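Biologist: Please take a close look at a single part of this model, the surroundings of the ligand. Which residues are around the ligand, and where are its polar contacts?

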Amino acid sequence: MADGRDTEQNLAAVKARIADACDRAGRAAGDVVLVAVSKTFAADAIRPALAAGQRVFGENRVQEAEGKWPALRDAFPDVELHLIGPLQSNKTKAAVALFDVIQTVDRERIARRIAEAGQELGRTPKVFVQVNTGHEEQKAGVAPDGVAALVASCRDAHGLDVLGLMCIPPVDRDPAPHFDLLRELAARVGVTGLSMGMSADFATAINHGATHVRVGSAIFGARPPLTPPADG
Ligand SMILES: *Cc1c(COP(=O)(O)O)cnc(C)c1O
């Protein structure tokens, strides 16, 4: 784990690389939102990023986020929290209560649950539709040919504010064709947000049009080995 000073320096370095990638792509630096992915890291590891001015964070598990963010938010009320991991139906209400953006809507049922919980709680997160650009069986996300119908259902049937599309390209492959596919799909369905690019490939993603990059280890350091994201 990075110590506080490392985190601050890592964050500055990532921001500089984002600005540089924007510059090379002929885009304004403010075009790209940095979502700092703090999953697996405790509040003490997150505080230095907050102290350095970072306000947009991503978490992949509802329960884990519920354990640390309410207290951090009391201190930093302008934090914007994104859910970037799979959402199970039974966690929808808790997710709607806590997150400002849910990036992982990949079926109609989840869209409906988010809308229902939003009615009940009087706050509805904005959403991204997650796309399984690599047609990977084990991976979440709607198939590319299902994007138009799901975006329409989110908007028209459920009244959700669809910011854009999100993808996680297959590991160990060139991500560029996946980023291009996501951009083409977004243009086709008329959404502007593109959440793509992680620590290893965010500069490439920006070059291919990313509006949101999700960067974890390049800011907070290496994470402990993966545990299955079973509790969503
Ligand atoms: C963990 C995670 C990230 C961040 O990954 P890093 O390689 O640490 O930058 C981005 N997106 C999703 C969906 C993740 O689960």
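Modeller: The account below begins with the ligand and then turns to the chain.

This is a predicted model, in which local features need pLDDT of at least 70 and side-chain atom pairs count only at pLDDT 80 or more, while totals for chains, interfaces and linings use all residues. Residues are numbered from 1 along each chain as its sequence is written, and side-chain values use heavy atoms, with hydrogens and water left out.

Around the ligand, with a heavy atom within 4 Å of it, are Val37, Lys39, Ile84, Met166, Ile168, Met198, Ser199, Arg214, Val215, Gly216, Ser217 and Arg223. By class, this shell holds six nonpolar, three polar and three charged residues; Ala, Val, Leu, Ile, Met, Phe, Trp, Tyr, Cys and Pro count as nonpolar, Asp, Glu, Lys and Arg as charged, and the others, Gly among them, as polar.

Polar contacts with the ligand are pairs of N or O atoms within 3.5 Å. A side-chain N or O atom of Lys39 lies 2.7 Å from a ligand oxygen. Arg214 places a polar side-chain atom 2.8 Å from a ligand nitrogen, whereas Gly216 uses a backbone N or O atom, 2.8 Å from a ligand oxygen. Of the 390 Å² of accessible area that the ligand has on its own, the protein covers 89% (Shrake-Rupley method, 1.4 Å probe).

As for the chain, 52% of its 232 residues are buried, meaning under 20% relative accessible area with a 1.4 Å probe, protein chains only. The C-alpha atoms fill a box of roughly 45 × 40 × 30 Å along the principal axes.

Key. A polar contact is a pair of N or O atoms within 3.5 Å; within protein, one must be able to donate a hydrogen and the other to accept it, and residues adjacent in sequence count only if both atoms are side-chain atoms. Buried means under 20% relative accessible area, exposed over 50%, partly exposed in between (1.4 Å probe, protein chains only).
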